[in-house]
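Got the model open in your viewer? Let's take a walk through it, one selection at a time.

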Amino acid sequence: MELDLSPRLPKKVYGGDGGSYFAWCPEELPMLRDGNIGAAKLALEKYGLALPRYSDSSKVAYVLQGSGTSGIVLPEKEEKVIEIKKGDSIALPFGVVTWWFNNADTELVILFLGETHKGHKAGQFTDFYLTGSNGIFTGFSTEFVGRAWDLDETTVKKLVGSQTGNGIVKVDASLKMPSPRKGDREGFVLNCLEAPLDVDIKDGGRVVVLNTKNLPLVGEVGFGADLVRIDGHSMCSPGFSCDSALQVTYIVGGSGRVQVVGADGKRVLETHVKVGALFIVPRFFVVSKIADSDGLSWFSIVTTPDPIFTHLAGKTSVWKALSPEVLQAAFKVAPEVEKAFRSKRTSDAIFFPPPN
C-alpha cells in the first residue's frame, strides 16, 4: 500500500458553549497508528472549563493562542495552579490530572502531542474524566460512592447528577476560579517564545528545544520537542533522524513548502502547508522545508528523549566528511563539479537565508 503522508486537519470530537475538543484520526492519518502517536487540540471560549481528567498517554501541551489557567496534579502531589499563555510548553507525564480554564475574551487554544504505545488505542488519546456526565462517579453505584467518600445517599445523588456537561463546560461568570500561584510555573512550564535560543541563524531561523535542563518533566514524558521558526523564503536544510525517531510536526504559523524523500530515492511528499496542518515524517526519511514570504514556524515532538539528526547540507553535512574521490565516483562527475558541490555551503547552519 502506498504511504500517505499528506498533512491533515483535526476533526471535532465534542464540545458546546464552553469550547471544543478536536483530534487527528488514525483512519485519516495512518502514520498516527503506525507510529503510536496521538494528536489533539483543545479550544476554550471565555469561561470555558475543561473538566479534570487524566490520560492513558504522556503528552506535551503547547499553547497556540490566548491565555488562561491550568491545574496540574502529579500523583500524590499538591495541585499546581499555573498561569498559561501563548508559547508555553507543558510536559504531562502518565498519571497527571489536569484542568484548563479560560477567563479571557480571546479563545484559548492548546495543542497536545504524545505517544500512545501504552494507550488503549494506537494513535489516539483516551481521557478519563473525574466529573461530568461521563465521569468516574457515574459508573459506580450510589452505595460504592457513598461508602468510599462517607456520604449519605442524597448528597451522592447531588454530587453525581448535578453536572450534566461532558468534558467541557461553561462556568458562571460569578464563580471565582483559583488564581495562579507565584512559583507554580517553575519546573512545569517553558515559554518557547521567551526562552534562550538553541539555534539562531541571522535571516535564517531559530530553534528552542525542550529538554531535561530547561523543563525537567520532559525526562518523565520520554520524548523531545522543539519550536522552529524560519524567516520568509528561508530553508530548513534536508535532514533525517538517525536514531529511528518519528517527527510529528504541527504548523504553528506562516506557510511554506515541504518535501520528504524516502527509500529508493522516491519523493513521498511534496505539499504546501499552512497553519493548523499536522504531518508525520517516518523514521530515516529525509525532510526539508522552504518558507513562503510570511515565514514558517512549527512545533514538533520527536519520539526519543535525546534525538540525533544528520543534516545533508552545510559545513557539518555528511558530504563534507566523505572523500572527494568517493563523491566523484558516486555521482559520476568530474572533479570540478564535486569541488563546487562540496565548497558551496561552508557554514554549519541548518537554516539557509534566501538567495541574494
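Which residues have the most contacts inside the largest nonpolar core? Select L42, I90, W100, I110, L278 and F299: these are the ones, in a core of 78 residues. A nonpolar core here is a set of buried Ala, Val, Leu, Ile, Met, Phe, Trp, Tyr and Cys residues joined through side-chain atoms within 4.5 Å. Buried means under 20% relative accessible area, exposed means over 50%, and partly exposed is in between, using a 1.4 Å probe and protein chains only. Apart from that core lies another, of eight residues; L51, F101, V171 and M177 are among them.

A quick note before moving on. You are looking at a predicted model, where local features need pLDDT of at least 70 and side-chain atom pairs count only at pLDDT 80 or more, while totals for chains, interfaces and linings use all residues. Residues are numbered from 1 along each chain as its sequence is written, and side-chain values use heavy atoms, with hydrogens and water left out.

**The whole chain**

Zoom out. The C-alpha trace spans about 90 × 45 × 35 Å along its principal axes. Of the chain's 356 residues, 47% count as buried. Switch to cartoon and you have seven helices and 23 strands to explore. Both kinds of element are DSSP runs numbered from the N terminus: helices are H or I with at least four residues, strands are E with at least two.

Now colour residues 3-157 and 195-339: an unreviewed UniProt entry annotates them as "domain: Cupin type-1". UniProt positions are given in the numbering used here, feature names are shortened, and annotations may be inferred rather than shown by experiment. Keep just residues 3-157 for a moment: this stretch is 12% helix and 44% strand, and its end C-alpha atoms are 52 Å apart.

**An open sheet**

Next, pick out the seven strands of an open sheet, in the order β1-β2-β3-β10-β5-β8-β13, with antiparallel pairing. Two strands pair if DSSP finds at least two bridges between them. At the edges sit β1 (11-16) and β13 (189-191), each pairing on one side only. Neighbouring strands of this sheet are turned by 20 degrees against each other on average, direction ignored. For such angles, axes are lines fitted to C-alpha atoms (for helices, over the stretch in contact), and values run from 0 to 180 degrees between N-to-C directions.

Stay with β13 and add β8 (residues 88-92): the two pair in the antiparallel sense over three bridges. What is the bridge partner of D88 in β13? It is N191. Show the side chain of N191, which is buried with a relative accessible area of 6%. A polar atom of that side chain lies 3.0 Å from the backbone oxygen of K86. The backbone nitrogen of L193 also lies 3.0 Å from a polar atom of the N191 side chain.

**Around β6**

Move to β6 (residues 67-73), a mostly covered strand in which five of the seven residues are buried. Add β7 (residues 80-85): six bridges join β6 to β7, and the two run antiparallel. Here you can find T69 opposite E83 in β7. The hairpin of β6 and β7 has six residues between the strands, and E76 takes a positive phi near 60 degrees there. Now add β9 (residues 97-101), which is antiparallel to β6 and joined to β6 by five bridges. Look for I72 standing opposite T98 in β9.

**Salt bridges**

How many salt bridges does a search of the whole structure find? Twelve, counting a side-chain nitrogen of Lys or Arg within 4 Å of a carboxyl oxygen of Asp or Glu. Here are some to select:

- R8 and D4: the closest N and O atoms are 2.9 Å apart. R8 is partly exposed at 22% relative accessible area, and D4 is partly exposed at 30%.
- E27 and R33: the closest N and O atoms are 3.7 Å apart. E27 is exposed, with a relative accessible area of 60%, while R33 counts as partly exposed at 37%.
- R206 and D231: the closest N and O atoms are 2.5 Å apart. This pair links distant parts of the chain, 25 residues apart: R206 is in strand β15 (residues 205-210), and D231 is in the loop between β16 (224-230) and β17 (235-241). D231 counts as partly exposed, at 24% relative accessibility.

For a last stop, select R53, K59 and D127, which salt bridges with shared partners join into one network.

Methods: Polar contact = N/O pair within 3.5 Å; in protein donor to acceptor, adjacent residues only side chain to side chain.
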